[in-house]
Amino acid sequence: PPSTTNMAIDKKGLLYTVTRNDYNTPLRKLNIEGNNVLTGYYIIDPALQDIYVDNNGLIYTVSNNDQHFPIVSVHDKYGNLLFAFGDKIQDSFKIGVFDNPVGVAVDSNGDIWVLDKKASIVQVFTKTEFASMVITAINAYESGNYKLAEDLFEEVVRQNAMFALAHSNLGKIYQKDGRYELALESYRIANNKEGYSDVFWELRDEWIANNLIYLLLSLVLFYILFVLFKKHKEKIKIYHTFREYLNSLKKKKFYHEFAMLKRILKDPLDVVYEIKFRQSIRIRTATLLYVIFVFLHIICDYYVRGYLFRSISVDVVLTYELLKWFIPLLLLGIANHLINSLQSGEGFYRDIFIGIIYATAPVLLFKLPIDIISNVLTYNEKFIFDLANYVIYGWTIINVIIVIKEINNYKVG
């Protein structure tokens, strides 16, 4: 690993380091065991040059990056980025622009001193009223003065509604005070999913405690209605109408084709026989299922899946989503063709295409229910969500292998 570029020690004796050419953890706060204890979010900058820690635990870094990264950054004691400013341009004498920044320090007034080696100057920056308010709010929170911290953070949010750290700290204050709905909203704005998960667990637990008797009564009522329906369904006219409609539907070819999705879960070899020899599944049906597969992922991943389990991105890039599934399908078809030319495989691309689409039946049938259920899960039950996804995608991969093997009539060994 690259050697440490610079270091600082705070009043508690903890060691802080910055490391050039470190693309993973260029900024570190080391405990007595030598472990990095920074948990906040900051810009990964591999050109950090110097570091300073003030008496309040705020971390100041200076970067010598040529890629227009912020030159001066201020972090809280957890490493969360608070402020960043400055740029690097050669032979520029503008305030806030540097040629070769190499050092940073903070005086007793809180002014930031930055050394520019090539220009042979020191630039001094005074905190704005807004920055001073943010730092005062952080100090009030750390000292346990939550009422003052709440007032200050609310003013910070009023002036800058996108200041994530203020929303996150407000969420912590609301959570401590039992105002869970407000805490949930603040955590979501700050994208603090760990805090959101903790508060959601509290709200869910409270909801279950208040509504458990109604849930049990609903289940009993549902069971009674189900038994009564099963006993008297022949007397219900609408039931006969529905059954006749269902029977007529079963005679349609597309019903048989869609029923194959359920069938492949139990007996993939039987479905392969239907595809390869009986050709009872049309390619247009497989194409429709492929379109459903792609848009099912878009809808579930971006809109249906629980907030805690969604990716950070909130914008759907349709081209990316289409290519994400089309390219693997295309490459799989090409690879199958090349292998067939060497191994004398029997499969046509039509059969391979239909077979692969039907092999995704576990995803087509179970992804939506799993993503719906994720809306009531927290990180404490994350393993349930992960396990369910491992099962359906693992099942799909096994089906794909079986389909390709059987359609091409490959032998093991």
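In the predicted model, the side chains of Arg305 and Asp371 come together in a salt bridge, with a nitrogen-to-oxygen distance of 3.3 Å. This pair ties together distant parts of the chain, since Arg305 belongs to the loop between α9 (283–304) and α10 (318–343), while Asp371 belongs to helix α12 (residues 361–373), 66 residues apart. Both Arg305 and Asp371 are buried. Side chains of opposite charge can pair when their charged atoms come close, and a search of the whole structure finds 21 salt bridges.

Another of these contacts joins Glu142 to Lys77, with the closest N and O atoms 3.0 Å apart. This pair, too, links distant parts of the chain, with Glu142 placed in helix α1 and Lys77 placed in the loop between β6 and β7, 65 residues apart. Glu142 has a relative accessible area of 34% and is therefore partly exposed, and Lys77, at 28% relative accessibility, also counts as partly exposed. A further salt bridge is formed by the side chains of Lys405 and Glu406, for which the distance from N to O is 2.9 Å. Lys405 is partly exposed, with a relative accessible area of 28%, and Glu406 is likewise partly exposed, its relative accessible area being 27%.

Salt bridges that share partners also join Arg263, Asp270, Glu274 and Arg278 into one network. Within this network, Glu274 lies in helix α8 (residues 268–278), and Glu274 counts as buried because its relative accessible area is 3%, a value under the 20% limit for buried residues. When neighbours within four places in sequence are left aside, the residues in contact with Glu274 are His256, Met260, Arg263, Gln279 and Ser280.

Turning to the nonpolar interior, the largest nonpolar core has 48 residues, and the residues with the most contacts inside this core are Phe83, Ile112, Val114, Phe153 and Phe163. Helix α1 (residues 129–142) gives the most to this core, contributing nine residues. Apart from this core lies another, made up of 33 residues, which include Phe293, Ile352, Ile357 and Ile404. For Phe163, with neighbours within four places in sequence set aside, the contacts are with Leu82, Phe83, Phe130, Val134 and Val156.

A pair of aromatic rings is described by the distance of the centres and the angle of the planes. The search of the whole structure finds 14 aromatic pairs. One of them is formed by Phe83 and Phe163, whose rings are 6.2 Å apart from centre to centre, with 50° between the planes, an arrangement classed as tilted. The two residues come from distant parts of the chain, 80 residues apart, with Phe83 in strand β7 and Phe163 in the loop between α2 (146–159) and α3 (164–176). Phe83 is buried, with a relative accessible area of 18%, and Phe163, at 9% relative accessibility, also counts as buried.

A second aromatic pair is that of Phe293 and Trp325, in which the ring centres are 5.0 Å apart and the planes stand at 85°, so the pair is edge-to-face. Here again distant parts of the chain are linked, as Phe293 is found in helix α9 and Trp325 in helix α10, 32 residues apart. Phe293 is buried, with a relative accessible area of 9%, whereas Trp325, at 23% relative accessibility, counts as partly exposed. Ring pairs also link Phe83, Phe130 and Phe163 into a cluster.

Aromatic rings are also met by charged side chains in this model, as in the case of Lys172, which lies over the face of Tyr78 at 6.0 Å from the ring centre. In a similar arrangement, Lys193 lies over the face of Tyr307, at 5.3 Å from the ring centre.

Finally, Asn80 is placed in the loop between β6 (72–75) and β7 (81–85). Asn80 has a relative accessible area of 17% and is therefore buried. With neighbours within four places in sequence left out, Asn80 is in contact with Gly40, Tyr41, Val74, His75 and Leu165.

Technical notes:
Residues numbered from 1 in each chain as written. Predicted model: local features only at pLDDT ≥ 70, side-chain atom pairs only at ≥ 80, totals over all residues. Heavy atoms only, no water. Helix = DSSP H or I, 4+ residues; strand = E, 2+ residues; numbered from the N terminus. Buried < 20%, exposed > 50% of the residue type's maximum accessible area, 1.4 Å probe, protein only. Contact = heavy atoms within 4.5 Å. Core = buried A, V, L, I, M, F, W, Y, C linked by side-chain atoms within 4.5 Å. Salt bridge = Lys/Arg side-chain N within 4 Å of Asp/Glu carboxyl O. Phe/Tyr/Trp six-rings, centres within 6.5 Å; stacked < 30°, edge-to-face > 60°. Lys NZ or Arg CZ within 6 Å of the ring centre and 35° of its normal.
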